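This briefing goes through a structure topic by topic, beginning with metal coordination and moving on to pairing, contacts and backbone angles. Please keep the sequence and the model side by side while reading.

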Amino acid sequence: MTDPITCPECEGRKGQHLGELFLRCRFCGGLGWVGDHNEPAERGERPPPEPPPAWEHKVWRDPVVVAALPCRYCLGARTVSHIDEKSRRMTTAACPACVA
Ligand SMILES: [Zn+2]
Ligand SMILES: [Zn+2]
């Protein structure tokens with residue numbers, strides 16, 4: 001994912017006025033910016049399918065993997081780490097799946 005930038009083609013004007021006619025910029029699709037979900041290269045293509053949830057990842061169909069990892073959530077570490085959005089700090093908490 002990239003940060004949206006002003007469209008280099010229309011310089012954010014979203015298109016071109018030709019007299020009475022307004023031609024929508026084909027590079028940015030008339031948005032005046034590109035990036036984020038508005039990638040010109042992706043236009044016209046169907047969005048990629050959602051990745052399967054980690055719990056349903058095909059690796060879990062492998063009995064060897066399932067036997068080696070006691071917990072799908074924390075992979076046996078019994079703690080899970082995540083970045084706290086507000087404080088931008090890494091926090092570690094007991095695995096909710098193991099605790100439950
Ligand atoms: Zn444009
Ligand atoms: Zn766990």
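In sequence, the residues that donate to the zinc ion (ligand 1) follow the spacing C-x2-C-x14-C-x2-C, and in this predicted model the coordinating atoms are Cys7 (SG), Cys10 (SG), Cys25 (SG) and Cys28 (SG), at 2.2 to 2.3 Å. For the zinc ion (ligand 2), the spacing of the donor residues reads C-x2-C-x20-C-x2-C.

**The site of the zinc ion (ligand 1)**

- The four donor atoms of the zinc ion (ligand 1) make angles of 101 to 117° among themselves, and the site is tetrahedral.
- Among these donors, Cys7 and Cys28 form a pair that links distant parts of the chain, being 21 residues apart: Cys7 lies in the loop between β1 (5-6) and β2 (15-18), whereas Cys28 lies in the loop between β3 (21-24) and β4 (33-34).
- Both Cys7 and Cys28 are buried.
- Cys7, Cys10, Cys25 and Cys28 recur, together with Val34, as the five residues of the largest nonpolar core.
- In soluble globular proteins, nonpolar side chains tend to be buried together.
- With neighbours within four places in sequence left aside, Cys10 has contacts to Gly15, Cys25, Cys28 and Gly32.

**The site of the zinc ion (ligand 2)**

- The protein donors here are Cys71 (SG), Cys74 (SG), Cys95 (SG) and Cys98 (SG), which lie 2.1 to 2.3 Å from the zinc ion (ligand 2).
- Because the angles subtended by the four donor atoms around the zinc ion (ligand 2) run from 104 to 119°, the arrangement is tetrahedral, the criterion being that all angles lie between 85 and 135 degrees.
- For four tetrahedral donors, the ideal angle at a metal is 109.5 degrees.
- Distant parts of the chain are linked at this site too by a pair 24 residues apart, with Cys74 in the loop between α1 (63-68) and β5 (79-83) and Cys98 in helix α2 (residues 96-99).
- Cys74 counts as buried because its relative accessibility is 7%, under the 20% cut-off, whereas Cys98, with a relative accessible area of 24%, is partly exposed.

**Strands β5 and β6, and the surroundings of Val80**

- Strand β6 (residues 90-94) pairs with β5 in the antiparallel sense, and five bridges connect the two.
- Val80 has its place in strand β5, and the bridge partner of Val80 in β6 is Ala93.
- With a relative accessible area of 18%, Val80 is buried.
- Beyond the neighbours within four places in sequence, Val80 is in contact with Tyr73, Cys74, Thr91, Thr92, Ala93, Ala94, Cys95 and Pro96; two of these contacts, Cys74 and Cys95, are also donors of the zinc ion (ligand 2).
- Between Val80 and Ala97, which are 17 residues apart along the chain, the C-alpha atoms are separated by 9.9 Å.
- The hairpin of β5 and β6 has six residues between the strands, and in that hairpin Arg88 takes a positive phi near 60°.

**Salt bridges**

- The count of salt bridges comes to two.
- One of them joins the side chains of Arg13 and Glu11, at 3.4 Å from N to O; Arg13 is exposed, with a relative accessible area of 56%, and Glu11 is exposed as well, with 55%.
- Arg88 forms a salt bridge with Glu85, in which the closest N and O atoms are 3.9 Å apart.
- Arg88 is exposed, with a relative accessible area of 61%, and Glu85, at 62% relative accessibility, counts as exposed.

**Positive phi in the loop between β1 and β2**

- Glu11 is found in the loop between β1 and β2 and has a phi near 55°, which is a positive value in a residue other than glycine.
- Lys14 is likewise found in the loop between β1 and β2, and phi of Lys14, near 70°, is again positive in a residue other than glycine.
- In accessibility, Glu11 counts as exposed at 55%, whereas Lys14 is partly exposed, with a relative accessible area of 42%.
- The loop between β1 and β2 also holds Cys7, one of the residues that coordinate the zinc ion (ligand 1).

Key:
Residues numbered from 1 in each chain as written. Chains lettered and ligands numbered in written order. Predicted model: local features only at pLDDT ≥ 70, side-chain atom pairs only at ≥ 80, totals over all residues. Heavy atoms only, no water. Core = buried A, V, L, I, M, F, W, Y, C linked by side-chain atoms within 4.5 Å. Buried < 20%, exposed > 50% of the residue type's maximum accessible area, 1.4 Å probe, protein only. Contact = heavy atoms within 4.5 Å. Donors = N, O, S within 2.8 Å, 3.2 Å for Na, K, Ca; no water. Tetrahedral: all angles 85-135°; square planar, octahedral: opposite > 155°, others 65-115°. Helix = DSSP H or I, 4+ residues; strand = E, 2+ residues; numbered from the N terminus. Salt bridge = Lys/Arg side-chain N within 4 Å of Asp/Glu carboxyl O. Pairing = 2+ DSSP bridges.
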